[in-house]
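Please open the structure in a viewer and keep the selection tool at hand. The tour below proposes what to select at each stop.

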Amino acid sequence: MSTEFSQLPLSTVLLDNIKTLGYTQMTPIQEQSLPPILEGRDVIAQAKTGSGKTLAFGLGVLEHLHVKTFRIQALLICPTRELASQVAGELRRMARAMHNVKILELCGGAPMKKQIHSLSHKAHIVVGTPGRLLAHLQRGTLSLEHLHTLVLDEADRMLDMGFYDDIAAIIDYAPTKRQTLLFSATFSSEIHQLAQKFLHHAAEIHVKHEPLDSQITEHFYRVSEASRQKALFALLGHYQKERILIFCNTKVACDTIADTLYESGIDALAMHSDLEQFEREETLILFANGSCNILVATDVAARGLDIDAVDLVLNYELPHDDEVYVHRIGRTGRADRAGVSVSLCRGDESVLETKKPVLWQTLDTLDVSTPYNVPVHMETLFICGGKKEKLRPGDIVGALTADSNISADAIGNITIFDKYTYVALRKHLAPTALELLQKHPIKGRMFRVRQLKI
Ligand code: ADP
Ligand code: MG
């Protein structure tokens, strides 16, 4: 059983605020990493996505902060701008009861000038992405002279994205006497090397099973090979959920299931490692922005996917090991949402070692009166222009909402790549939006635009 935050040597301001944020029990990664973090030790901590790592290092950073000293005391390096902004947001929430803590975001894609201006006004904490942080250090617009805490968040992703050299160069600017915290969802020899090089006598923490699974209801059904597909349709119809992730063990099964669903009028996308990079990207975007309700994936393809909690995880086949199972179902029921996972098992398969009693269900208890019919709410437009053309979300929202009956809240996710952009819109408005963008310029320029079909 996990323990309460109040047992930690934290200041009352922080403790009280954690309570107002609704947190009482620590998650396992918090429970294990916070004591050494608060002692000032270096820590390398690994726990899966959604396990509450931000709060762990965030509390460490804030507890050690001298608010009266207006100097950069903590630097948090994140792989992407979105993640940096999430972390900065979380930190601001944690610090809201402390007096006047200033947290700056320094990420690529935002104007340098504005950042330099903010830096000149001093801050306590900087959260940023490697390239931009290094640029500021090289220009001398950011000083780490007073730094005492360095955090590497999502270290595995930063290494995957090729940021090792940038990180090493950034750390060169930091004082050698400092606390370094390294957080990662996975653990590899590369991570170990990184830790060896930049951490000293670090406490090493691994959390295997995800902590917040109490909110996930796990159901298991026995099926024969012949009845597996029928069971799938029955489950989809019974649950009628909007965001569904179906896991298969093989690429072939993935394609077969996606095709079978598609043929029976249910839009589903397959995601596996045989797809080209851009196809994977696009598939993920269509699922994440609500243009498709169902994603059928293999474990390899789903690894590292940045998808918000889904409503239902459906294991079309059981994976071969417990760890993978826990990873799969962890995609649903993130901290603040209840999730459901259902697994189809062969008669001779024993169910994995879960912490909770296994709920065996029989298919005849399912309500099969209505086939799956949850409508898709969004549709995606593809614009042949992106960062290279200096397109920003605001430009696209502007172009769509000026002189039209499209309101900003009908526009969903906007994902901008170097050369192209995806925009999600409420389904019924997509044709209007398409016509609009085919006739009117964005930021003074005409772009080719088309509607993406699932
Ligand atoms: P990670 O970085 O490990 O992927 P996050 O730090 O983003 O995970 O946390 C995931 C979610 O869990 C967030 O919504 C956060 O607010 C919530 N959370 C964190 N700690 C707790 C806790 N002790 N109790 C309940 N919810 C928590
Ligand atoms: Mg995180």
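A residue is called buried when its relative accessible area is under 20%, exposed when that area is over 50%, and partly exposed in between. The model on display is predicted.

Begin with arginine 92, which has 36% relative accessibility and therefore counts as partly exposed. Add glutamate 105 to the selection: the two residues form a salt bridge, with their closest N and O atoms 3.2 Å apart. Glutamate 105 belongs to strand 3 (residues 103–106) and arginine 92 to helix 4, so this pair ties together parts 13 residues apart in sequence. Glutamate 105 is also partly exposed, at a relative accessible area of 30%.

Remain with helix 4 (residues 81–95) and select arginine 81, which is placed there. Its relative accessible area is 41%, making arginine 81 partly exposed. Now add Lys114, Lys387 and Arg392, which together with Arg81 form a positive surface patch.

Next, colour the chain by domain: domain 1 covers 5–206, domain 2 covers 216–365 and domain 3 covers 378–451. The centres of domain 1 and domain 3, taken over C-alpha atoms, are separated by 35 Å.

Proceed to glutamate 379 and lysine 427, whose side chains meet in a salt bridge (3.5 Å, N to O). Glutamate 379 lies in strand 15 (residues 378–383), whereas lysine 427 lies in the loop between strand 17 (421–426) and helix 16 (430–439), so the pair ties together parts that are 48 residues apart in sequence. Is glutamate 379 buried or exposed? At 10% relative accessibility, glutamate 379 counts as buried, while lysine 427, at 38%, counts as partly exposed.

Definitions and conventions
Residues are numbered from 1 along each chain as its sequence is written. Chains are lettered from A and ligands numbered from 1 in the order in which they are written. This is a predicted model: local features need pLDDT of at least 70, side-chain atom pairs count only at pLDDT 80 or more; totals for chains, interfaces and linings use all residues. Side-chain values use heavy atoms; hydrogens and water are left out. Patches are made of residues with over 30% relative accessible area and no salt bridge: like charges are joined within 9 Å, nonpolar side chains (Val, Leu, Ile, Met, Phe, Trp, Tyr) within 5 Å. Accessible areas come from the Shrake-Rupley method with a 1.4 Å probe; for residues, only the protein chains shown count as cover. A salt bridge is a side-chain nitrogen of Lys or Arg within 4 Å of a carboxyl oxygen of Asp or Glu. Lys and Arg count as positive and Asp and Glu as negative; His and the chain ends are not counted. The place of a charge is taken as NZ of Lys, CZ of Arg, CG of Asp or CD of Glu. Helices (H or I, at least four residues) and strands (E, at least two) are DSSP runs, numbered from the N terminus. Buried means under 20% relative accessible area, exposed over 50%, partly exposed in between (1.4 Å probe, protein chains only). Domain bounds come from an automatic or database domain assignment.
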